[in-house]
Structures are given as C-alpha cells and as structure tokens.
Amino acid sequence: MLLCFTFSLLISFTFLPNHVWSLSPCRFPAVFNFGDSNSDTGGLSAAFGQAPFPNGETYFGAPAGRFSDGRLIIDFIAGSLGLPYLSPYLDALGSNFSHGANFATAGSTIRPQNTTMAQSGYSPISLDVQFLEFRGGVFQELLPKEEEFAAALYTFDIGQNDLTAGYKLNMTTEEVKAYVPDLLRSLSNIIKYVHARGARSFWIHNTGPVGCYPYVMDRFPITAAQVDKHGCASPFNDVAQYFNSNLKEAVAQLREDLPDSAITYVDVYSAKYRLISQATKHGFMEPFMVCCGHGGKYNYNKAFKCGAKIGVDGKEVVIAKSCKDPTAHISWDGTHFTETANKWIFDRIVDGSFSDPPIPLRMACHKVESVDHLII
C-alpha cells in the first residue's frame with residue numbers, strides 16, 4: 001500500500017503544473033477547525049470538565065483541554081501559519097477568537113448519535129452543532145472581521161468516531177460500510193453550508209488507521225487471521241480505507257460543486273500508518289504500547305483511562321499515570337497520539353506530500369487541479 005502511494009506521489013509531483021511552484025504563499029488571517037478529539041483544544045473540557053492530568057504535561061505543564069501530553073496536529077498547523085493556537089469556541093473565558101476558533105470536541109461525530117455521552121462517550125456536539133456554533137452565537141462579536149472569513153483556512157478532521165460507533169452497537173463491518181455514504185453526504189452538506197458563509201479554502205483530513213489503535217484492538221474481538229503483518233486489526237482499517245476512498249470521491253464532487261474553492265484532501269491515514277508500521281525506524285518504541293494508562297496488554301484499560309484515580313485510605317490516587325518518556329511513544333492513551341507523534345505526522349503532511357492535490361499547507365488557498373484529473 002505504501003509503495004503504491006509513494007509511486008503515485010512521485011507521479012503527482014511530476015504532473016503538477018509548473019506555475020504551482022511560483023505561487024505566492026497564502027496569508028491566512030484565521031483558521032476555523034471542525035472535528036473530534038484529534039483536534040479538540042479544549043471544547044469538551046470547557047463543556048464537561050477538564051481532561052485530567054497528566055494530559056498536557058509535556059508542553060503545557062498542566063491539562064490544556066487536549067487529549068495528549070502536548071500539542072496536536074491542529075496546533076502545529078496554526079503555528080506554522082504564524083497564528084496563535086486555536087481557542088475552543090465553547091470556552092469564552094480568556095479566549096481569543098480574532099484568529100479563528102476551534103469547534104471540535106472530543107467524541108464528536110458527523111451524525112448525531114442516539115445515545116447520551118454517559119452511555120457511549122460520544123459528544124452531543126456533532127458536526128451539525130459545530131456548524132451552528134460557527135454560523136452565529138453568543139461570541140459572534142469576538143470572531144474575526146467579516147472580510148477575513150473568506151481569506152481564512154477551514155480544516156476538517158472528523159469521522160473516526162462514526163465508524164467505531166457502529167461496532168459498539170455490534171454491527172458487522174459490512175453494516176458499518178453501508179452507512180458511510182450517508183456520513184459523507186452529511187459532511188459534504190456541512191462543507192457547502194460553511195462555503196455559503198464565505199469559506200473558500202478547505203484542508204480536509206481523512207480518517208486514521210483505527211485498526212492500529214490500542215483501544216480498538218483491546219475492545220473489539222479479532223482473530224489471528226485478521227491481524228496484518230504490522231500487528232493492526234485489518235477489518236477496522238478496511239472500514240477506514242473504505243471511508244477514505246469515498247471521502248476522496250466526495251471531495252472531488254465538492255470541487256465541481258464549489259468551483260471557486262480550493263479544497264485539499266489530506267491522507268493522514270497513510271502518514272499515521274507509515275509511522276506505526278515503521279515505529280522503530282523513526283525512533284519510537286513498540287507502537288501499540290500506551291504511554292498513559294493502567295494494565296492490560298497494551299497498558300490500556302477502558303475502565304482506567306489516562307489520569308484515572310481510585311480511592312485509597314480516603315484519598316484519591318492516580319493509577320493511570322504517564323510513562324517515563326512520552327517522546328518514545330506513539331500512542332498517548334490508547335486512542336490519541338503523543339505530541340512527538342503528532343509533530344512527526346504534521347511534518348509529513350505540511351508540504352503536501354500526502355495531499356491531493358500535493359500542495360503545501362501554506363499554499364492551500366490556491367486552486368490547483370486535482371492529481372486524479374491530471375493523470376489519465
């Protein structure tokens with residue numbers, strides 16, 4: 001799979017029009033992000049309580065609303081554009097929305113779930129709610145100037161939870177695949193709604209290799225025959241790849257429907273899978289061992305997640321602690337990546353190496369013909 005991607009990538013750069021490389025870098029005055037815990041910088045914490053320590057310990061020195069020891073990919077995106085880290089829209093206290101806002105919350109899905117957060121862990125702030133927050137709300141006067149909405153970058157990283165939600169309801173892989181087209185119709189509609197509010201530059205991440213995540217491999221039964229050569233659970237990765245191939249088609253359709261927009265599809269799946277499958281080559285230890293957890297095959301236990309406490313002699317004691325060296329780990333808590341892993345992934349996608357069209361982040365305001373249309 002990676003060999004094919006690399007070959008395709010070489011062809012992609014070869015066939016890009018020469019004028020692309022002479023384009024001026026974009027000046028994005030703001031970033032608006034929609035997503036789930038992969039890019040939540042404090043939305044869920046603002047609404048339901050802070051993510052517990054040791055989350056945030058590596059970079060922030062304290063919990064900072066992120067489910068990681070430090071920064072997320074969205075933090076590196078903002079930083080590379082010369083912008084402050086995005087404030088969560090749901091946290092008005094001390095927040096600065098003049099350079100955009102982050103509507104993502106951990107546990108968010110594209111489609112609203114018919115369960116409570118206590119029942120399933122999924123956030124009630126699904127993508128449609130995030131759009132309503134963007135469209136207008138109590139903090140509207142704190143957002144950027146109206147003319148900056150068209151010049152801003154709009155990032156999307158959502159869908160992972162929609163896939164695992166089906167498995168939690170004991171659906172088969174084929175049953176999960178069956179509702180993927182509906183997910184992508186909903187996602188496409190939201191992107192069109194955001195476009196109608198002035199958005200013109202979109203940076204859309206596909207979903208990661210969930211079959212390589214400890215929380216999936218621990219929670220859902222898999223047979224030895226379903227484990228690939230790198231130790232990942234093939235059925236779950238197959239679903240993720242099915243979602244991604246359909247997402248890429250949906251993005252192609254959006255380019256036709258929104259001809260005045262620059263829409264970049266970012267293959268974070270391949271970047272993350274490369275990291276996991278070549279962990280030691282890139283300076284990491286065994287890729288499935290969780291840094292912050294307690295017990296279980298991967299140091300992951302859904303009953304005692306990162307920061308979990310128990311009562312001992314009338315006192316609360318943290319039992320799901322951080323490892324000694326988070327920088328040597330890929331998985332922070334079984335679901336999310338460490339800051340070091342997030343930075344590694346960002347460094348691979350920022351130059352367009354994993355994008356269609358293969359255009360750098362700093363040039364993502366320019367409309368460039370998709371590689372799929374260039375190579376026939």
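How many cavities of 30 Å³ or more does a search of the whole structure find? In this predicted model, the search of the whole structure finds three such cavities, and the views below take up two of them before turning to a patch on the surface.

**View 1. The largest cavity and the residues closest to its centre.** The largest cavity has a volume of about 140 Å³, and of the 17 residues that line this cavity, those closest to its centre are Asn38, Ser39, Leu72, Ile73 and Asp157. Helix and strand both take part in the lining of the largest cavity, since α3 (73–80) and β3 (153–157) each supply at least two of its residues.

**View 2. The character of the lining of the largest cavity.** Divided by residue type, the lining of the largest cavity consists of seven nonpolar, eight polar and two charged residues.

**View 3. The second largest cavity.** With a volume of about 80 Å³, the second largest cavity is lined by residues that include Cys212, Tyr213 and Pro214, together with Ile276, Pro287 and Phe288. Ile330, Ser331, Gly334, Thr335, His336 and Phe337 also belong to the lining of the second largest cavity, which divides into eight nonpolar and four polar residues, with no charged residue.

**View 4. A nonpolar patch on the surface.** Ile310, Val312 and Val317 form this nonpolar patch, and together the three residues have about 180 Å² of accessible area. Val317 lies in strand β7 (residues 315–318), and Val317 counts as partly exposed because its relative accessibility is 33%, a value that falls between the limits of 20% for buried and 50% for exposed.

How values were computed
Residues numbered from 1 in each chain as written. Predicted model: local features only at pLDDT ≥ 70, side-chain atom pairs only at ≥ 80, totals over all residues. Heavy atoms only, no water. 1 Å grid on protein atoms, 1.4 Å probe; cavity = no way out; pocket = protein on both sides within 12 Å on 5 of 7 lines; lining within 4 Å. Points joined across faces, edges and corners; volume = space filled by probe spheres on them. Helix = DSSP H or I, 4+ residues; strand = E, 2+ residues; numbered from the N terminus. Nonpolar A, V, L, I, M, F, W, Y, C, P; charged D, E, K, R; others polar. Patch = residues over 30% accessible without salt bridge, like charges linked within 9 Å, V, L, I, M, F, W, Y side chains within 5 Å. Areas by Shrake-Rupley, 256 points an atom, 1.4 Å probe, with all protein chains shown as cover. Salt bridge = Lys/Arg side-chain N within 4 Å of Asp/Glu carboxyl O. Buried < 20%, exposed > 50% of the residue type's maximum accessible area, 1.4 Å probe, protein only.
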